[in-house]
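Please open the structure in your viewer and keep the sequence panel visible. This tour proceeds by selections, and each stop states what to select and what is found there.

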Amino acid sequence: VPVTSEWESWLAARPKLPRFVVALHGWPDPESSATELIQGDSREVLQALAAHLGARRCSDDLRAARREFAELFGAANSAVWRVTEQALRTTGDALSEASAVRLAVDAAPSGSVLGLGNSLPIRDVDLYCRFSRKGLRVFAQRGANGIDGLVSGAAGVATALSEPTTLIVGDVSLLHDVGGLWAARQVKSPLVILVIDNAGGRIFEQLPVRSWLEAHHGLSDYWLTPHGLELSRAAELYGVRHQTARTASELSTALRTAHETPATTLIVAKVPPHSAMEHRRRVLELVATEIRSVLQSHPPSFV
C-alpha cells in the first residue's frame, strides 16, 4: 500500500475519483475506497490494458492533447528543479538535511553502491537529488520498523561486493543498530556511513501525526525520541574512523577523504533539528508558485 502522506491527502480530497487497485494478493485498499480491486498479476493486467488502448483509434485531438501534456509536464519538471536548485544555493555553507544528502550522492564514485535509510534519508534523496548517469546501485531494507539492521546490512553489502559503498542513515536508525559498527570495522573497502544527526526522529514532523504532536507538546518526545548523544563516541567504542561535519564544506571534505580510505568511516552531519521540515516547506512553496506561473503562461486546453 502506498504510504506517502501526499497520496493519502490527495485521495481524501477526491472521494468520488474512479480508482482501480491491482494486486497479486492481499487487500491493499485499507480505506475500502477503490472503485474496484483486481486480484491478479499487475504485469498481465497492464499488458491487457495496453493492448486494449492500442487497438483503439487515436484521434488527432487526442494526439495533440498528449503532445501538449508531455510539453507541459516537461516545463513543470524543469521549473521544479530550477527552484529546488535555487533553494539549495541560498543556504550557502550552512548544512541542512537537503544539502547533506545532495553532497553524499554527488560524492559517491561512479558505479558504487548507495544505501538509503528509511524515514527521511530515502525521501530527501528522492526530493533533492536529480537523475544521475553515474550508475549508482541503490539498496534499501525495511526491517521490522524501518530502522533495524541498516548498518549491518550496509556492512554486508560492502563485504560481499568489495566495492565503495555509501550509507545515508538517520541518527535513531544508527542507535538501533549501533552494534553493526562491529561488523562494519571488518570492511576492507571504502564504506562511508553518513549519519544525519537531527536530534531524533524528525520524520514525524512531516507526517499527519504532526498536528497531534503540536497539540500535545509534553508527549512529542515519545515520537521524536531526541537522543542527546554524541554519536561519534559510538565509532570510538568500535574503533571505527569518524569525522563530524557542521558545514557543507566540512562535509564535502570528509566525504572525499572517506571515499579514498579502504575502511569504514562514520561521518556525523550535524544539522538543525527542524531543517528537513523547514527546507521542504520552503521548496514546496517555491514549487507551487513556479507551477502556477507555468500554467498561467501555458494554460492547458485538455483540462
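The tour begins with the whole chain and then turns to its parts.

**Before the first selection**

This is a predicted model, in which local features need pLDDT of at least 70 and side-chain atom pairs count only at pLDDT 80 or more, while totals for chains, interfaces and linings use all residues. Residues are numbered from 1 along each chain as its sequence is written, and side-chain values use heavy atoms, with hydrogens and water left out.

**Stop 1: the whole chain**

Select the whole chain and display it as a cartoon. The secondary structure comes to 13 helices and eight strands; helices (H or I, at least four residues) and strands (E, at least two) are DSSP runs, numbered from the N terminus. Taken along the principal axes, the C-alpha atoms fill a box of roughly 65 × 45 × 45 Å. Of the 303 residues in the chain, 38% are buried. Here buried means under 20% relative accessible area, exposed means over 50%, and partly exposed lies in between (1.4 Å probe, protein chains only). Among the contacts in the chain with a separation of 6 or more, 74% join residues 24 or more positions apart; contact means heavy atoms within 4.5 Å.

**Stop 2: strands S1 and S2**

Select residues 20–23, strand S1, and residues 36–39, strand S2. S1 and S2 pair in the parallel sense over four bridges; two strands pair if DSSP finds at least two bridges between them. The bridge partner of Ala-23 in S2 is Gln-39. S1 has a covered face, Val-21 and Ala-23, and an uncovered face, Phe-20 and Val-22.

**Stop 3: the six-stranded sheet**

In which order do the strands of the open sheet of six strands lie? The order is S4-S3-S5-S6-S8-S7, with parallel pairing. In general, strands of a sheet pair through backbone hydrogen bonds, either parallel or antiparallel. The edge strands are S4 (137–139) and S7, each of which pairs on one side only. From one strand to the next, the twist averages 20 degrees; angles run from 0 to 180 degrees between N-to-C directions, and axes are lines fitted to C-alpha atoms, for helices over the stretch in contact.

At one edge, select S3 (residues 113–116) together with S4: these strands pair in the parallel sense over three bridges. Leu-114 stands opposite Val-138 in S4. Add helix H6 (residues 150–161), which packs on the sheet and touches S3, S4, S5 (165–170) and S6 (191–197). The direction of H6 makes about 175 degrees with that of S5.

At the other edge, select S7 (residues 241–245) and S8 (residues 264–270), which pair in the parallel sense over five bridges. Gln-243 has Ile-267 in S8 as its bridge partner. Between these strands the chain crosses from S7 through helix H12 (residues 248–259) to S8, in a right-handed β-α-β crossover. The term right-handed applies to a crossover if, with the strands pointing away from the viewer, the path from the first strand over the helix to the second runs clockwise.

**Stop 4: helices H3 and H13**

Select residues 60–89, helix H3, and residues 275–297, helix H13; the two pack at an angle of about 145 degrees, with their axes 9 Å apart. Residues that make the contact include Leu-72, Ala-76 and Val-83 of H3 and Val-283, Leu-286 and Ile-291 of H13. The residues of this contact divide into 14 nonpolar, two polar and two charged. Ala, Val, Leu, Ile, Met, Phe, Trp, Tyr, Cys and Pro count as nonpolar, Asp, Glu, Lys and Arg as charged, and the others, Gly among them, as polar.

Within H13, select Met-277. Is Met-277 buried or exposed? Met-277 counts as buried because its relative accessibility is 14%.

**Stop 5: three loop residues**

Most residues other than glycine have a negative phi. Select Ser-119, in the loop between S3 and helix H5 (120–128): its phi is near 65 degrees, a positive value. Ser-119 is partly exposed, with a relative accessible area of 25%.

Next, select Ser-162, in the loop between H6 and S5. Ser-162 has a positive phi of about 55 degrees and is exposed, with a relative accessible area of 54%.

Finally, select Gly-228, in the loop between helix H10 (221–224) and helix H11 (232–238). Gly-228 is exposed, with a relative accessible area of 77%. The C-alpha atoms of Gly-228 and Ala-13 are separated by 40 Å, and the two residues are 215 residues apart along the chain.
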